[in-house]
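Trainee: Can we go through this one together? I'd like to quiz you on the details while we both look at it.

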Amino acid sequence: MAENEKLECLRKLQDVLQEKFSLEQQVESLPADLKREESTLKAVEAEYEELQNLTEAAIQDVKSLSIQYEDAFQQRTTYEKQMEFLSTQREYEALSKQLEEAKVAEHTLLKQRNSRTKESEKLKKDTEAKAAEVEAQKAKVEEERTKVDTQLSGIQSKIAELEEKCQEIKNGTISDELYAKFSNIVRKKNGLGVVPVHGQVCMGCDRVLPVQFVIDLRQKQEHNEIDYCPYCSRIIWYEPLDPETEKNYIFEQLESRGTESKSSHKESAQESDSYDESMGMDGGFEDF
């Protein structure tokens, strides 16, 4: 059987594409740690901002309470001075009541101011600690980003080399359209885009192919043409086995499938003219 140049190129391309797609998966998964660190930084910064707001609110409350306390202090002092100039019992009783209320207000405001001052001091310390945590997390993010950038640079450089290698392999033999379709198949079929047919069985999906289909496949293969499995959409090629092995393989496969093999033959006539749309295939077995 004459050598099929296209199949040889596709086999070589498959090996290179497997490595290329594996590296591309690494590119997608590599920033995962960086994203986690960035997410943590975002959360810590939000906590820091909230503490800053709480601290500022506490400081403003302390200022307001201090002013109110000073007013109450002045009011109480004024009432105490006025007590010296009272002339009647009624005035004394009225002013005594006002003085008592002023003392209660002064005491309450002092207590509130002191309590809020303690809260303010604690919030300041918490804010300072959170600020340090933010800076530490920023350092982690930068360290991880540098690490990822370095790794990505190396991987992307390797991907570029593999892409150039693919172009060298396909040059003059594989069309851009076939290359695009084949790349899609390899990506979606776990790295296996071109598989052999043993006897009547596609070794990619383990489905039994019609006899005439296999005959046509062998003829196309001899004329440097390619074909696709009507079931799994992979590019297939007929791999000769020794006559006894091939004979046993075919009949053992057919017998093991029983009624399934019969339905496969019926379906093949309907499905042989269509491909898996996810592979980007057009109808018919075109040669590219």
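What follows is a run of questions and answers on this predicted model.

Trainee: Let's start with the record. Which residues does the UniProt annotation "domain: C4-type zinc ribbon" cover?
Mentor: Bear in mind that the annotation comes from an unreviewed UniProt entry. Over that stretch the chain is 33% helix and 17% strand, with the end C-alpha atoms 10 Å apart. The annotated range is residues 201-236.

Trainee: Which way do β1 and β4 run, parallel or antiparallel?
Mentor: Look at the pairing: V194 stands opposite I235 in β4, and 4 bridges join β1 to β4. The two strands run parallel.

Trainee: And what is the bridge partner of Y228 in β4?
Mentor: Here we're on the pairing of β3 with β4, which is antiparallel and has 2 bridges. Within β4, Y228 is matched with I235.

Trainee: Which residues point the other way from I235 and W237 in β4?
Mentor: The side chains of β4 go to two sides, with I235 and W237 on one of them. All four residues are buried, whichever way they point. The ones facing the other way are I236 and Y238.

Trainee: Which residue takes a positive phi in the hairpin of β3 and β4?
Mentor: Most residues other than glycine have a negative phi, so a positive one is worth a look. The hairpin has 6 residues between its strands. The phi value is about 70 degrees in a residue that isn't a glycine, and at 1% relative accessible area that residue is buried. It's S233.

Trainee: N224 also has a positive phi. Is N224 buried or partly exposed?
Mentor: N224 sits in the loop between α5 (211-222) and β3 (227-228), with phi near 60 degrees. Its relative accessible area is 25%, and buried would need a value under 20%. So N224 is partly exposed.

Trainee: What joins the side chains of H198 and E239?
Mentor: H198 is in strand β1, residues 194-198. At 15% relative accessibility, H198 counts as buried. Its side chain and that of E239 are joined by a polar contact of 2.4 Å.

Trainee: On to charges. How many residues apart in sequence are the parts that E47 and K130 tie together?
Mentor: The side chains of E47 and K130 meet in a salt bridge, 2.7 Å from N to O. E47 belongs to helix α2 (residues 32-82) and K130 to helix α3 (residues 89-170), so the bridge links parts of the chain that are 83 residues apart.

Trainee: In that pair, which residue is buried and which is partly exposed?
Mentor: The cut-off for buried is under 20% relative accessible area. E47 comes out at 36%, which makes it partly exposed. At 15%, the buried one is K130.

Trainee: What about K181 and E177: what separates them in helix α4?
Mentor: These two form a salt bridge at 3.5 Å, N to O. K181 is buried at 8% relative accessibility, while E177 is partly exposed at 40%. Because they are 4 residues apart in helix α4 (residues 176-188), the separation is about one helical turn.

Trainee: Which residue meets D227 in a salt bridge?
Mentor: D227 is buried, with a relative accessibility of 2%. The N to O distance in the bridge is 2.9 Å, and the partner is K220.

Trainee: Which residues are linked with K20 in a network of salt bridges?
Mentor: The count of salt bridges comes to 19, and some link up into a network. One member, R187, also lies over the face of F21, at 4.0 Å from the ring centre. Linked with K20 are E24, E163 and R187.

Trainee: How far apart in space are A160 and K20?
Mentor: A160 is in helix α3 and is partly exposed at 40% relative accessibility. A160 and K20 are 140 residues apart in sequence. Their C-alpha to C-alpha distance is 8.8 Å.

Trainee: Last one: which ring does the charged end of R113 sit over?
Mentor: The count of aromatic pairs is 0, but rings do get charged partners here. The charged end of R113 is 4.9 Å from the ring centre, and the ring belongs to Y69.

Technical notes: Residues numbered from 1 in each chain as written. Predicted model: local features only at pLDDT ≥ 70, side-chain atom pairs only at ≥ 80, totals over all residues. Heavy atoms only, no water. UniProt positions renumbered as here; feature names shortened; annotations may be inferred. Buried < 20%, exposed > 50% of the residue type's maximum accessible area, 1.4 Å probe, protein only. Polar contact = N/O pair within 3.5 Å; in protein donor to acceptor, adjacent residues only side chain to side chain. Salt bridge = Lys/Arg side-chain N within 4 Å of Asp/Glu carboxyl O. Phe/Tyr/Trp six-rings, centres within 6.5 Å; stacked < 30°, edge-to-face > 60°. Lys NZ or Arg CZ within 6 Å of the ring centre and 35° of its normal. Pairing = 2+ DSSP bridges.
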